[in-house]
Amino acid sequence: MCKARKDELYENLDKQLINFKTNYGYYKTKLERYFNPSSADDLILTKDKIIEKINNCSETEDLDLLIKNIKDEMEENQTMATVDNWQEYVMSGFKDAAATIRDQAKQLPVSKFNNF
């Protein structure tokens, strides 16, 4: 029984770590796109890049995340077209994300051992 709980705990921690790494990569890409114009051209998705990214997905979760990110990017582009000061808009989004990450960092991971 302890081994099963330990395995479950490790699995939950692995999922949380993967989620954190994915979010970090997502926000790093956003920073590169909006605040490093020299690399912005590499981040523009073309049909070939989208197909390549789809082919690189090894699990359905990766594909779901890719589709979500592409959808978010399309919605963000539509929003950016209507915003007057897009840098200020992006900075406010990053400030909100930073606050959320700080709050999450203060919380312990949820497991069967500490969820009393």
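Select K3 first: in this predicted model, K3 is exposed, with a relative accessible area of 56%. Now add D7 to the selection. The side chains of these two residues, K3 and D7, form a salt bridge, with 3.1 Å from N to O. Both belong to helix α1, where they stand four residues apart, about one turn of the helix. D7 has a relative accessible area of 36%, so it counts as partly exposed. Side chains of opposite charge can pair when their charged atoms come close.

Remain on helix α1 and select E11 together with K15. Here a salt bridge links the side chains of E11 and K15, at 3.4 Å from N to O. These residues too are four apart in helix α1, about one turn of the helix. E11 is partly exposed, its relative accessible area being 43%.

Next, select helix α4, residues 60-82. This helix has 23 residues and reaches 34 Å from its first C-alpha to its last, close to the 33 Å expected at 1.5 Å a residue. Within α4, display the side chains of K68 and D72, which meet in a salt bridge of 2.8 Å, N to O. K68 and D72 are four residues apart in helix α4, about one turn of the helix. K68 counts as partly exposed, at 45% relative accessibility. In total, the structure holds four salt bridges.

Which residues of α4 are buried? Select L66, I70, E73, E76 and M80 to see them. To find what covers these buried residues, display α1 (2-35), α3 (47-56) and α5 (86-105), which are included in that cover.

Move on to helix α5 and select I101, which is located there. Because its relative accessibility is 39%, I101 counts as partly exposed. Add F20 and Y27 to the selection: with I101 they form a nonpolar patch on the surface, and together the three have about 280 Å² of accessible area.

Finally, display the whole protein. How many helices and strands does the protein have? There are five helices and zero strands, and from the N terminus on the elements run α-α-α-α-α. Of the 116 residues of the protein, 12% count as buried. With the surface switched on, the protein exposes about 9600 Å², of which carbon and sulfur atoms supply 56%. Among contacts between residues at least 6 apart in sequence, 59% join residues at least 24 apart.

Methods
Residues are numbered from 1 along each chain as its sequence is written. This is a predicted model: local features need pLDDT of at least 70, side-chain atom pairs count only at pLDDT 80 or more; totals for chains, interfaces and linings use all residues. Side-chain values use heavy atoms; hydrogens and water are left out. Helices (H or I, at least four residues) and strands (E, at least two) are DSSP runs, numbered from the N terminus. The expected span of a helix is 1.5 Å times one less than its number of residues. Buried means under 20% relative accessible area, exposed over 50%, partly exposed in between (1.4 Å probe, protein chains only). Contact means heavy atoms within 4.5 Å. Accessible areas come from the Shrake-Rupley method with a 1.4 Å probe; for residues, only the protein chains shown count as cover. Patches are made of residues with over 30% relative accessible area and no salt bridge: like charges are joined within 9 Å, nonpolar side chains (Val, Leu, Ile, Met, Phe, Trp, Tyr) within 5 Å.
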